[in-house]
Amino acid sequence: MNAEVAIEARDVTKRFPGVVANRDVNISIRAGTVHALVGENGAGKSTLMKILYGVQKQDEGTLSVNGREVSFGSPTDAIADGIGMVFQHFMLADNLTVAENVVLGSEKLHGIGDDAHAEIKRISDAYGFGLDPDALVERLGVGERQRVEILKVLYRGAQIIILDEPTAVLVPQEVDALFDNLRELKAEGHTILFISHKLDEVLAVADDITVMRRGTTVGETTPADTTKRQLAELMVGSELPSPQSEHTTVTDEVQLEVEDLTLHDERGRALLTDIDLTIHRGEVLGIAGVEGNGQAELVETIMGLRKPSTGRVVLRGKDMSSWSTRERRDAGIGYIPEDRQRHGLLLDAPLWENRILGHQTREPSVKGILINRAGARADTERIVDAYDVRTPSIDTLSAALSGGNQQKLVVGREMSGEPVLLIAAHPTRGVDIGAQAAIWDHIRDARREGLAVLLISADLDELIGLSDRIEVILRGCLVGGFDPQSVTPQDLGSAMTGGGEEAAS
Amino acid sequence: MSLRTPERSGQGSAARALNILPLWLLIVVGALLAVSAVRVLTGTPEMNSRGTLSAAILATCPILMAAIGGLWSERAGVVNIGLEGQMILGTWGAAYFTYYYGPWVGILGAALLGAVGGALHALATVTFGVDHIVSGVAVNIIGLGGAKFLASAYFENLDGGGANQLTGLDSPTRFTVPGVSDVASDIAARGWFVISDLAAVVAALTTNMSLMTIAVFALVAATAWVLWKTPFGLRLRSCGENPQAAESLGVNVIRYKWIAVVTSGAFAGIGGGFLALVASSGFVNGQTGGRGFIGLAAMIFGNWRPGGILTGAFLFGYTDSLPLVQNSEQTVHALLLLLAAGLIGLALWNLRKGLKVSAAVLGAAGAGFLLLFLVTDRVPRDFTSMTPYVATLLVLAFASQRLRMPAADGQIYRKGSAG
Amino acid sequence: MSIVNRVATALIAPLVAVVAAMVITSVVITVVGDSALEFWQIVLSAPADRAYVNIVNQATMIFLSALAAAIGFRMNLFNIGVEGQYTIAAYSAALFAGAAFLPGLLNVAVALLLAMAVGAFWAGIAGVLRVTRGVSEVISTIMLNAIGLTLVGYLLNTYGQQTGNARRTPVIEVESRLPGWTPFLERDGAVFNLVILAVLAGVGYSLLLNRTRFGFDLRATGFSESAATASGVNVRKMVVISMLLSGAIAGLVWMPALFGQAHSFGTSFQVGLGFIGIAVALLGRNRPLGIMFGALLFAFLNEQSNRLTLETDISQDIVQITQGVIVLAIVVAYEVVRRYRVAAERRNVSSRPEGDAKTPEESVPV
């Protein structure tokens, strides 16, 4: 481990309209190390990273690479200085091949023909990626796509590799594989900057750790000198919430029953196979699984957005299978969608109109066939108050709100009108810790009153903390049930990847 | 592991050969046979005589240029329905510049005027982020009004000109390949099954062929090469597939979109120029008649690929040239039979693939056209002029679902949205 | 944002657009060698009495056409087929009314309904093609325009009555004609009675979209199809119903002129109203008030430009350029204003001081 500094940022500040994303950020990354940058959502990690990669330019402060001060006007400059970035949301064109994706923007390096193909094969073989240059990216799985992203930066001769939340879509076992790759890269002399909020992983693989909170760097340490709890407290600024256990509110009354649900896509592939589940009044059923294993399809089928090939969905004894989405909502199902901007909000409409969305047939938004403006507005004020939605008025366009506040609005709306069943897909995604806890409280309160909840989440702490029961979904099938009181993340991770055939039930 | 049984290996060499040949070749051969058969059965030699095919090629080129123009734009992610307006501007540009400087400068002038139309569209959509369709509509209005106004301002006092037209212009040279042309024409006129049909194609390609037509096809080939075989093309296409990814790799997405849309307008303009100089005798108000839109349809039909676009443009161009063909009412009538045969063929194929609903709909449509063919003996002249539009609708209705457009087509792009 | 602020931002875009169009028009006229000053003197002069009547009549029809297009636009459906729809509807209504199966005003009422039905049907084809086969309504409506126009041409040529060189449908009886209002002298013309249709349609449109559940569903689909679907809207049904409504209103476009002036479908039929309507819908941002002003503006420009051919060398078509540039400039301006508004609101949102927070971000109930 040499003491040379690969990247250094001094007193970097970056402002956007209405928010200071980075304030006096100081970070020093030693060459040939794996350096972790931790912080929760909204801490400013993304912005700093974009500055390091040249996507944004800082307003104040300096950047230096290998001791030389630099100023990046665009990613091209950063790439020229040997910095490569692997984004959390993959930047890949589905309709193009692996080679076309890799070569794009750097066609001068090896052309776009045979030489390029050969070079790609060479890198892929050297690190064991197993990628075929002519494969259409559309056909690749999540892990392979990530490797394409890493290959992209290596192809450009990156010495410094920035990884943004690389494990967000991977399970513990795949994460280990990734970390092996990273250790190999480090051994070849590369420097890795690794952004994450998953502290277990950070402690496992990093040489150095920098913590950010609310736009600024608040601490620097190494795994040897710290614990997970200390890191978490640095990130949050105070004590962490721990999973609550209280006396059970689960009753015997069955609220939702799903029987033999099977779903195929247009090409005949099975997306869901023989799903059976039951949720009782006062019960939270958590579904754990790697993204893309059928959770979204399950939710959409229950909501009536997709038509199953076989099976039934029964709500309080009534078979809903032939009902439309509207009818299901009218029966009292609340739906917090996974992607609030695409499925939960009308971005160009004011908050009070968004209150009506999804509830266009019920009080207080509606009177007969007419919209009840006064009613909707009054209720919007109530939600803004009860769920602490930060907004100057209910006439503000929902696009103007931050992600967390948008989510709070959606949650507040869906929990209004006394739903009998709440389908919550990643309900606290993008929400800061304080609001997250508040939402959990609202859900617990409602559960006490008899609400049944189907909870989909990638946050294992959330699943364990809120659920009365956990089921794991894998490739469209439910493969095992767990008791949140006794399960560990390792057990879950194992079941989520199919590793534990003998998973406890 | 069971060995292949004798019955199975006796599948028939014909059937096995069918599995080896590429699909497109099979379709071409099948189409040739079908067309020839229908021609002989119904006794309508004008269906694919040399004259008809020549006219069809002339009608195809403007549509083809519009379609390729659309391709350039949409491959970069910008929907351009302003092709019609850009084409109209091209007709004016061609007329004006040809009058003073000759036909080849005329075509350049057409491209220039079309590019101006493209630039307006680019300004609105790429720079200001306006909805692509809305901007296209506005460009069409401006193009239409612009050409009319400029025509009445500049053409009224010219030779062969008037407030609404400018005719009698020089056209690009035409040539005829000696020997080949005569022999082919001769064979074509004999009416022999399949051989005459092939000969007619050869004859049409070698008789009175405009150099401009060659240029058009060269442009298509050039487009295919540039977009798929060069770094420039890769970058341009990436802007239409995932502009954020392209931006993250240092591609100047805004610049490529601009280039693509302006080029798109230029191509539409060239299409207009061809229309005025080669396919017609000059500029006439309203001569584009919706061909810009038909070009768009050809692009969709061609699944955003040059090969498919060629096919689609020819299909629409052929139907576009029908009203001018001698004996058009009988010919279109005969085409009903061909259409019915085609639909029923498609229906059977769909049935084989297990798509029952599709097969039923196609079969019903095929039966309907067959009935129409049997019950009537001619299609009224007014209806023949409708054929390209009806053809467009039918094709889109039956083929829309299997198409794949560039992933980010129509998306409003803003810089800095990467990451 | 305060009311004053809101009104100001709402007006800036149209103002900038009109100014830009005026500048560009003047430039084009000058480049071609004519006098821009002359142009504006004529166009901006006070209209004659006769012109006022024409302007109101024209604006009515343009308004209806724009409304038809606007219903689609609010749902992100581009009904470019208004031209074909109103042509077929006008022919059908004229044919029916001319046949005089029914007497007097009943004839008129039923003919109007027929026009709406035919227009709806023609537009419905595009709607159905879109939901069942995924065909873009932009192209299908354009194709249907051409098909519709050709069809009507054929029917008129084959079955129409001959008068001199032209053909037309049977003339409507006197009892089924609407005399209109004559505000000035008899020779200055009459304002069509069916101007009322425009008013009713405008009010109906506004109520429907802003006050009813259906209207909410429609607008929600226009904002975000995915969010609307998740909220229970049956988008396919909405698309078809929208196209039907759009076509129905389109059917009414030429009715005022039919019953107030032309009394038959023939050479007196006015083409092009469909396309002007689309432009005006964009201009008015798909809102009745904006459309009304846009319709009046365009009608005014068209009417005044008639004098250009009589008094100058400038071709009337320049006005089309003006109109086209207005549309382009205004949509650009609207987009710029919209982005500005969102950015301003974002700034507004984040500038609220921390002290207002009920639950401070940091503290966490344990």
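**Exercise 1. Count the helices and strands of chain B, then work out how its overall size compares with a compact globule.**

Solution. Start with the inventory: in this predicted model, chain B has 19 helices and five strands.

Next, take the length. For 419 residues, a compact globule would have a radius of gyration near 22 Å, and chain B comes out at 23 Å, so the two agree. Along the principal axes, the C-alpha trace of chain B spans about 70 × 60 × 40 Å.

Now look inside. Of the 419 residues in chain B, 54% are buried. Finally, check which parts of the chain meet: among contacts in chain B with a separation of 6 or more, 77% are between residues 24 or more positions apart.

**Exercise 2. Find where the confidence in chain B is lowest and where it is highest.**

Solution. First get the overall picture: the mean pLDDT of chain B is 85, with 93% of its residues at 70 or more.

Then go to the extremes. Helix α1 (residues 6-9) of chain B has the lowest confidence, with a mean of 36, while helix α13 (residues 253-279) of chain B has the highest, at 96.

Last, look around that low spot. Over residues 1-15 of chain B, pLDDT stays under 50, and the model has two contacts beyond four places in sequence for this stretch.

**Exercise 3. Check whether the span of helix α16 of chain B is as expected or not, and say what covers its buried residues.**

Solution. Step one is arithmetic. Helix α16 (residues 328-352) of chain B has 25 residues, and at 1.5 Å a residue it should span 36 Å. The rise is counted between residues, so you multiply by one less than the number of residues. The end C-alpha atoms of α16(B) are 36 Å apart, which agrees.

Step two is burial. The buried residues of α16(B) include B:Ser328, B:Thr331, B:Leu335, B:Leu339, B:Leu343 and B:Ala347. Their cover includes α3 (23-42), α17 (356-375), α18 (381-384) and α19 (387-399) of chain B.

Step three is the way out: just after α16(B), B:Gly354 takes a positive phi of about 90°.

**Exercise 4. Work out the strand order of the open three-stranded sheet in chain B, and name its edge strands.**

Solution. The order is β1-β2-β5 (chain B), and the pairing is antiparallel. The edges are β1 (161-162) and β5 (282-284) of chain B, each of which pairs on one side only.

Zoom in on one pair. Strand β2 (residues 165-167) of chain B joins β5(B) in the antiparallel sense through three bridges. Here B:Thr167 stands opposite B:Gly282.

**Exercise 5. Decide whether strand β19 of chain A is enclosed or open, and find its partners.**

Solution. Count the buried residues first. In strand β19 (residues 421-425) of chain A, five of the five residues are buried, so the strand is largely enclosed by the rest of the structure.

Now sort them by face. Side chains in a regular strand alternate between the two faces of the sheet. In β19(A), one side has A:Leu421, A:Ile423 and A:Ala425, the other has A:Leu422 and A:Ala424, and all are buried.

Then look sideways. Strand β16 (residues 333-336) of chain A pairs with β19(A) in the parallel sense over four bridges, with A:Tyr335 opposite A:Ile423. Strand β20 (residues 452-456) of chain A also runs parallel to β19(A), joined by five bridges, and A:Leu422 stands opposite A:Val453.

For practice, try strand β6 (residues 83-86) of chain A. Both its faces are covered: A:Ile83 and A:Met85 are buried on one side, A:Gly84 and A:Val86 on the other. Its parallel pairing with strand β7 (residues 160-164) of chain A has four bridges, and A:Ile83 stands opposite A:Ile160.

**Exercise 6. Describe the side of chain B that touches chain A.**

Solution. Begin with the head count: 16 residues from chain B and 18 residues from chain A take part in the contact. On the chain B side, α11 (231-241) and α12 (243-248) each supply at least two residues. The most comes from α11(B), with five residues. Sorted by class, the side of chain B that touches chain A has eight nonpolar, six polar and two charged residues.

**Exercise 7. Decide whether C:Arg187 is buried or exposed.**

Solution. Find the residue first: C:Arg187 is in the loop between β2 (166-168) and α7 (195-211) of chain C. A residue is exposed if it has 12 or fewer neighbours. C:Arg187 has 8 C-beta neighbours inside 10 Å, so it counts as exposed. As an extra step, compare sequence with space: C:Arg187 and C:Arg50 are 137 residues apart in sequence, yet their C-alpha atoms are 7.8 Å apart.

Note on methods:
Residues are numbered from 1 along each chain as its sequence is written. Chains are lettered from A and ligands numbered from 1 in the order in which they are written. This is a predicted model: local features need pLDDT of at least 70, side-chain atom pairs count only at pLDDT 80 or more; totals for chains, interfaces and linings use all residues. pLDDT is the predictor's confidence in each residue, from 0 to 100. Two residues are in contact if their C-beta atoms, placed from the backbone, lie within 7 Å. A residue is buried if 20 or more other C-beta atoms lie within 10 Å of its own, exposed if 12 or fewer, and partly exposed in between; C-beta atoms are placed from the backbone. Two strands pair if DSSP finds at least two bridges between them. The radius of gyration is taken over C-alpha atoms; the globule rule is 2.2 Å times the number of residues to the power 0.38. Ala, Val, Leu, Ile, Met, Phe, Trp, Tyr, Cys and Pro count as nonpolar, Asp, Glu, Lys and Arg as charged, and the others, Gly among them, as polar.
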